[in-house]
Amino acid sequence: MIRAPFLAAAAACLIGLCTIPASAQTLRYANQGNLTSLDPYTLKETTTIAHHAHLYEGLVTRDKDLKTVPALAESWETLDPTHWRFHLRKNVKFHNGDPFTADDVIFSAERVRSKGSNFLSNVPAGAKFVKVDDHTVDVMLDKPNPILISQWDSWYIMDKKWCEEHDAVAPTPAAATSPSYASLHENGTGPFIVESHQPGVKTVYKAFPGWWRKPEHNLKEIIFTPISSDSTRVAALLSGEVDVVEPVPIQDIQRVNASGSATVMTGPELRTIFLGMDQSRDELLYSNVKGKNPFKDIRVREAFYKAIDVDLIKNRVMRGLSTPSALMIAPQLFALSKDFTRPKADPTAAKKLLTEAGYPDGFELTMDCPNDRYVNDAAICQAVVGMLARIGVKVDLLAQPKALYFGKVLKPGGYKTSFYLLGWTPSSLDSHNVLHDIMGCRDDANDPTRGEANLGGYCNKELDALTDKILVESDTAKRDQMIKQAFEIGIKDYSYIPLHQQALAWGVSKKVKLTQRPDNQVLLYWATKQE
């Protein structure tokens, strides 16, 4: 169904009042993963967030240089360290014609922090949003937060009236077994609307003529098709069936570049790929060890760490297109990362540690892994299975599409995992996000958003105390030293097993021009295409 406001805006194009170029083109895009939900609070996952960025907008956004710039808030100010004021943009309409006002900001602030949201930590739990007038909102904090808006580019504003009319006041959880109205429909303020959405099949975006900004693209529509098969996806690019694909399998990069019709845009991503272990349950799930949890013994965690050869993964699985990491954050995002060196793999020492911990013959467990989310994710997990087999650990690998994977391992699904592979890009582009969301203790009564993505339940209160100090410290040198100390605690605990930062590989038709940000992400609302 086409909305009346969209028809009105389209009619305006006939008399020269719209901003869609006359030479508008159709861009066809394919990704290995599916777009399951249109609800912008369902899944904090980079590709899904990028899809939603074409439909929804936040109070702020990030420009092509990753700088935080105004979006639905045209300006803001800090009246004192715990009192922020946001001046909202006027004359902005949602896709159905509803006006954007302060009521929508206040509603969205509550919705994003409600049960079922995967973006709980984007907005502080204790922040109070107060309407000053229709286009002014005050945010009152319980403590200073100099990086308050650093995660707000992915906190998208929803239409209060629309959500209430369609029984979509509550967020759609990633583990939901049936779709909500908001997961199948959208009503944002962004540059595109969804004309049709068939999860797992195709999603068609149409340029929104009533967008408040001047478009930097020349597209009339984007047609997204998930193609899980690497060979089929590459064939579609080389045949011209699609214009943009992500990712290009590492083994096909040279072939695409030599095709004459397409090229590959590559570059290191800011996402860290890592392994996590269940350290919270008294009995490990999906294991032959009964009555206890081996991962509660630091010797077992150290053994797993020393069994994993990240250099072998780089050379054999990633074909050189990864940067092995000693930390849970990319070196570009932490100045003192150079002070950390990852020790070499040592299977002999790992086997000895397992024996000392009481597992001379190893043990069995299940590993959860997505097979359509990260570059060569399933192959990485298969390599890990082989490395652990060398120390006597038998791993049953459960590799499945990301929709099933995230529905199982995330909080709404009950953190049902014993051992898993995950990737994380700090949405704030700051170490605090990693220390708080990934490495923070879960179920903190004073901070319910802490540890939101800590699937394994690692917990060290000393690290949490440092994390809280890091949030409010304004002296960069002091802050960096505290961050370094926090990461040292996590390393000493063998809290996680960081693997690497992967390289992104976008296959692009030579008819298309894309803008690649410093984090090597691509947003199609900056794309242009020539026929």
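**Figure 1. Helix H2 gives the largest pocket four lining residues, the largest share from any one element.** Keep in mind that this is a predicted model. H2 covers residues 46–53, and it is joined in the lining by strand E2 (60–62), strand E3 (68–70), strand E12 (262–277) and strand E16 (419–424), each giving two or more residues. So much for the walls; now for the space itself.

**Figure 2. Here's the largest pocket, with a volume of about 810 Å³.** How do you find an empty space like this? Rolling a probe the size of a water molecule over the atoms shows where empty space is left. In this pocket, 50 residues make up the lining. If you zoom in on the centre, the residues that lie nearest are Ile-49, Asp-153, Ser-154, Tyr-156 and Arg-517. Sorted by class, the lining has 25 nonpolar residues, 16 charged ones and nine polar ones.

**Figure 3. Phe-304 and Phe-487 touch the most other members of the largest nonpolar core.** This core has 79 residues, and helix H11 (residues 377–389) supplies the largest share, six of them. Which residues does Phe-304 touch, leaving out those up to four places away in sequence? The list runs Met-277, Phe-295, Phe-363, Leu-365, Leu-388, Val-393, Phe-419 and Ile-497. There's also a second, separate core of 63 residues, and Val-123, Val-139, Tyr-156 and Leu-524 are among its members. You may remember Tyr-156 from the pocket, where it is one of the residues nearest the centre. As a rule, in soluble globular proteins, nonpolar side chains tend to be buried together.

**Figure 4. The peptide bond from Glu-246 to Pro-247 is cis.** Its omega angle is near -5°. To find the spot, look for the loop between strand E11 (244–246) and helix H7 (253–257), which is where Pro-247 lies.

**Figure 5. Arg-319 has a positive phi, even though it isn't a glycine.** The angle is about 50°. You'll find Arg-319 in the loop that runs between helix H9 (310–317) and strand E13 (322–324). Is Arg-319 buried or exposed? Its relative accessible area is 53%, so it counts as exposed.

**Figure 6. Asp-443 is another residue other than glycine with a positive phi.** This time phi is near 60°. Asp-443 sits in the loop between helix H13 (431–438) and helix H14 (461–472). With 63% relative accessibility, Asp-443 is exposed too.

Terms used
Residues are numbered from 1 along each chain as its sequence is written. This is a predicted model: local features need pLDDT of at least 70, side-chain atom pairs count only at pLDDT 80 or more; totals for chains, interfaces and linings use all residues. Side-chain values use heavy atoms; hydrogens and water are left out. On a 1 Å grid over the protein atoms alone, a cavity is a set of points where a 1.4 Å probe fits but cannot get out, and a pocket is an open set with protein on both sides within 12 Å along at least five of seven lines; lining residues have an atom within 4 Å of a point. Grid points are joined across faces, edges and corners, and a volume is the space filled by probe spheres set on the points. Ala, Val, Leu, Ile, Met, Phe, Trp, Tyr, Cys and Pro count as nonpolar, Asp, Glu, Lys and Arg as charged, and the others, Gly among them, as polar. Buried means under 20% relative accessible area, exposed over 50%, partly exposed in between (1.4 Å probe, protein chains only). A nonpolar core is a set of buried Ala, Val, Leu, Ile, Met, Phe, Trp, Tyr and Cys residues joined through side-chain atoms within 4.5 Å. Contact means heavy atoms within 4.5 Å.
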